[in-house]
Amino acid sequence: MIKFQNVTQRFADGTVALKDLSFTVEDGELVLITGPSGSGKTTVLNLLIKEYQPIAGEIFFDDLPLSKIKSNQLPLHRRKIGAVFQDYKLIEELNVWENIALPLLIQKENLLDIEERITDLLTLVELTDKALMFPKQLSGGEAQRISIARALATGPNVIFADEPTGNLDDRTSKHILDLLKKINQLGTTLIIATHDPIIIKETQSKRIDLTQPEAKSKKEADQPPVIQKKLNNSNETKKAKDQKKQDNKEKQSIKEGKTPEERTKTGKNNNQKIFQKFKKQLTQSKQQANALTQKLLKKKLKDDQSN
Ligand code: ADP
Ligand code: MG
């Protein structure tokens with residue numbers, strides 16, 4: 001399903017995040033990606049969603065090389081990968097129900113299907129009673145369960161959980177791990193990037209350890225900059241230039257105060273026009289979600305009264 005083939009990622013400032021990394025993840029598998037902070041775990045996720053391209057090697061998703069995916073096909077590709085983050089990345093202004101609905105609204109799903117899907121997801125993560133709460137009202141464990149429900153909303157082929165227990169205590173971490181394992185057993189391929197000893201101890205599965213001596217030496221100070229080094233290979237030079245352009249754009253969007261989520265959405269074609277369009281879509285979706293919440297609330301009141 002996923003194949004990394006001799007993938008190297010070096011950023012414009014010379015940081016080598018991954019060096020000659022190869023691994024495969026089969027359909028339905030549970031795979032751990034381990035290694036200390038800075039060993040390149042998040043970079044694996046960013047490469048997988050094509051936030052940027054590797055400077056060498058190729059990544060395949062369902063046999064399709066990611067280098068062949070055009071920018072207009074990116075949303076479709078990213079929908080196949082559900083991401084779960086250490087800091088949950090829930091939208092504070094939206095309640096639980098709306099947070100889960102958002103990816104479905106952006107996808108223009110039919111409202112009845114959305115209601116049904118969210119009920120199923122909230123049942124799965126055992127938080128049906130929190131549907132109308134806001135992220136600030138949730139405990140860390142609850143917020144992570146909601147973020148897992150959101151990641152599952154569009155029916156991705158794979159869930160990539162990036163340090164999912166990084167902000168949680170041991171007992172809650174164990175619950176989150178159990179939930180992720182349950183989702184894997186129900187058929188979704190699962191990748192957990194982690195350095196949490198609890199997850200590692202409690203999970204007997206394939207493990208990709210990024211703690212290599214090469215991965216440890218970060219800045220290759222003695223190496224010439226990427227662009228000069230690759231001058232004798234025009235193809236590689238172009239890649240390096242593109243990478244630099246992308247990195248600059250990334251820096252710019254950080255300066256502009258965009259959230260990582262917004263940066264991921266707009267991705268490589270991070271120009272103002274696309275960003276504006278996305279913002280508009282988000283506002284519309286938010287209005288739709290608000291209307292739906294009102295409807296749900298009314299329904300709940302009616303149900304409560306009739307009980
Ligand atoms: P992990 O998730 O295992 O903590 P990361 O994948 O976030 O590691 O980072 C791997 C290395 O790459 C780190 O040294 C980090 O500082 C560096 N890195 C990550 N993203 C960038 C970037 N956009 N520009 C420069 N360096 C980066
Ligand atoms: Mg990380």
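## Gly-187, an exposed loop residue

In this predicted model, Gly-187 is exposed, because its surroundings hold 9 other C-beta atoms within 10 Å, and a residue with 12 or fewer is classed as exposed. Gly-187 belongs to the loop that runs between α6 (170-185) and β8 (189-194). Although their positions lie 30 residues apart along the chain, Gly-187 and Asn-157 have C-alpha atoms separated by 8.7 Å.

## The chain as a whole

The protein chain contains 12 helices and nine strands, and of its 307 residues 33% count as buried. Among the contacts in the protein chain with a separation of 6 or more, 73% are made by residues 24 or more positions apart.

## The antiparallel sheet

Four strands form an open sheet in the order β2-β1-β4-β5, with antiparallel pairing. The edges are occupied by β2 and β5 (64-65), each of which has a single partner strand, so one side of each is left without a neighbour in the sheet. Helix α1 packs on this sheet, where it touches β1, β2 and β4, and the direction of α1 makes about 115° with that of β1.

Strand β1 (residues 2-10) is joined to strand β2 (residues 16-25) by six bridges, the two strands running antiparallel, and β1 also pairs with strand β4 (residues 56-61) in the antiparallel sense, over five bridges. Phe-4 has partners in both of these strands: its bridge partner in β2 is Phe-23, while in β4 it stands opposite Ile-59. Arg-10, for its part, has Val-16 as its bridge partner in β2. The hairpin of β1 and β2 has five residues between the strands, and in this hairpin Gly-14 takes a positive phi near 95°.

## The surroundings of ligand 1

The shell around ligand 1 consists of 15 residues, of which Phe-11, Ala-17, Lys-41, Thr-42 and Thr-43 come nearest. Two elements, α1 (41-48) and α10 (234-255), each give two or more residues to this shell, and α1 gives the most, with three residues. By residue class, the shell around ligand 1 divides into two nonpolar, eight polar and five charged residues.

## The nonpolar core and helix α3

In soluble globular proteins, nonpolar side chains tend to be buried together. The largest nonpolar core of this model has 58 residues, and those with the most contacts inside it are Ile-100, Ala-149, Phe-160 and Ile-191. Helix α3 (residues 96-106) gives the most to this core, with seven residues. When residues up to four places away in sequence are not counted, Ala-149 touches Ile-100, Leu-121, Leu-122, Leu-124 and Val-125.

Helix α3 is itself mostly covered, with nine of its 11 residues buried. The buried residues of α3 are Val-96, Trp-97, Glu-98, Asn-99, Ile-100, Ala-101, Leu-102, Leu-104 and Leu-105, a set that includes the charged residue Glu-98. Just after α3, Lys-108 takes a positive phi of about 60°.

## Strand β6 and its parallel partner

Strand β6 (residues 81-85) is largely enclosed by the rest of the structure, because five of its five residues are buried. Both faces of β6 are covered, since the buried residues comprise Ile-81, Ala-83 and Phe-85 on one side and Gly-82 and Val-84 on the other. In contrast to the antiparallel pairing of β1 with β2, β6 pairs with strand β7 (residues 158-162) in the parallel sense, over five bridges. Within this pair, Ile-81 has Val-158 as its bridge partner in β7.

## Pro-135, a partly exposed loop residue

Pro-135 is placed in the loop between α4 (111-124) and α5 (140-152). With 19 C-beta neighbours inside 10 Å, Pro-135 counts as partly exposed, because a residue is classed as buried if 20 or more other C-beta atoms lie within 10 Å of its own.

Leaving aside neighbours within four places in sequence, Pro-135 is in contact with Leu-90, Glu-92 and Ala-143. Pro-135 and Ile-91 are 44 residues apart in sequence, yet their C-alpha atoms are 7.4 Å apart in space.

Methods:
Residues are numbered from 1 along each chain as its sequence is written. Chains are lettered from A and ligands numbered from 1 in the order in which they are written. This is a predicted model: local features need pLDDT of at least 70, side-chain atom pairs count only at pLDDT 80 or more; totals for chains, interfaces and linings use all residues. A residue is near a molecule or strand if its C-beta atom, placed from the backbone, lies within 6 Å of it. Two strands pair if DSSP finds at least two bridges between them. Two residues are in contact if their C-beta atoms, placed from the backbone, lie within 7 Å. Axes are lines fitted to C-alpha atoms, for helices over the stretch in contact, and angles run from 0 to 180 degrees between N-to-C directions. A nonpolar core is a set of buried Ala, Val, Leu, Ile, Met, Phe, Trp, Tyr and Cys residues joined through C-beta atoms within 7 Å.
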